[in-house]
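Me: I've got a chain open in the viewer and I'd like to talk it through. Could you take me from the overall picture down to the details?

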Amino acid sequence: MKIRADIAALVRDGHSDASIARRLHCDRSTVGKARRALSQATARQVAEYRPEQMPTSPAQQAANRARLLAALRDAA
């Protein structure tokens, strides 16, 4: 749906619902519905995000790197 993509772009640019409706020649309620749908989708994506593996801390990354380098040195 092209109008929703256009609304999303104008929302990101900071336009009001009335301004977007005038620019796209649609009703303000259409813009409001699209804005709500876009924000709900974003909020739902964030709320449902579950990483497959928890991110490692910088200290853990350094320890992993050191173990890898040691294993590579031993293998050579």
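**Talking through the chain**

Reply: Sure. Among contacts in the chain between residues at least 6 apart in sequence, 23% join residues at least 24 apart. Keep in mind that this is a predicted model.

Me: What is the secondary structure of the chain?

Reply: It comes to four helices and zero strands. Read along the sequence, that gives the pattern α-α-α-α.

Me: How many of the chain's residues reach a pLDDT of 70 or more?

Reply: 83% of them do, and the mean pLDDT of the chain is 84. Among the elements, helix α2 has the highest mean, 92, and helix α3 (residues 28–47) the lowest, 77. As a rule, where pLDDT is low, the predicted coordinates should not be read in detail.

Me: Let's look at the first pair of helices, then. What makes α1 oblique to α2?

Reply: The axes of α1 (residues 2–12) and α2 (residues 17–24) come within 10 Å and cross at roughly 135°. Roughly perpendicular covers 65 to 115 degrees, and roughly antiparallel starts over 145. The crossing angle of roughly 135° fits neither range, so α1 counts as oblique to α2. As for handedness, α1 passes α2 in a right-handed crossing.

Me: Which residues of α1 and α2 meet there?

Reply: From α1 you have I3, D6, I7, L10 and V11, and they meet I20, R23 and L24 of α2. By class, that contact has six nonpolar residues, two charged and no polar ones.

Me: What makes D6 and R23 the charged ones?

Reply: Asp and Arg are both in the charged class, and D6 in α1 and R23 in α2 belong to this contact.

Me: Which residues in α2 are buried?

Reply: S19, I20 and A21 are. To be called buried, a residue has to be under 20% relative accessible area. I20 also belongs to the contact with α1. Over the whole chain of 76 residues, 12% count as buried.

Me: And H25, why is it called exposed?

Reply: Its relative accessible area is 74%. The cut-off for exposed is over 50%, so H25 is exposed.

Me: Where is H25, and what is its phi?

Reply: H25 is in the loop between α2 and α3, just after α2. Its phi is positive, about 55°, although H25 is not a glycine.

Key:
Residues numbered from 1 in each chain as written. Predicted model: local features only at pLDDT ≥ 70, side-chain atom pairs only at ≥ 80, totals over all residues. Heavy atoms only, no water. Axes fitted to C-alpha atoms, helices over the stretch in contact; angles between N-to-C directions. Helix = DSSP H or I, 4+ residues; strand = E, 2+ residues; numbered from the N terminus. Parallel < 35°, antiparallel > 145°, perpendicular 65-115°, else oblique. Left-handed = near helix turned anticlockwise from the far one by under 90°. Contact = heavy atoms within 4.5 Å. pLDDT = per-residue confidence, 0-100. Buried < 20%, exposed > 50% of the residue type's maximum accessible area, 1.4 Å probe, protein only.
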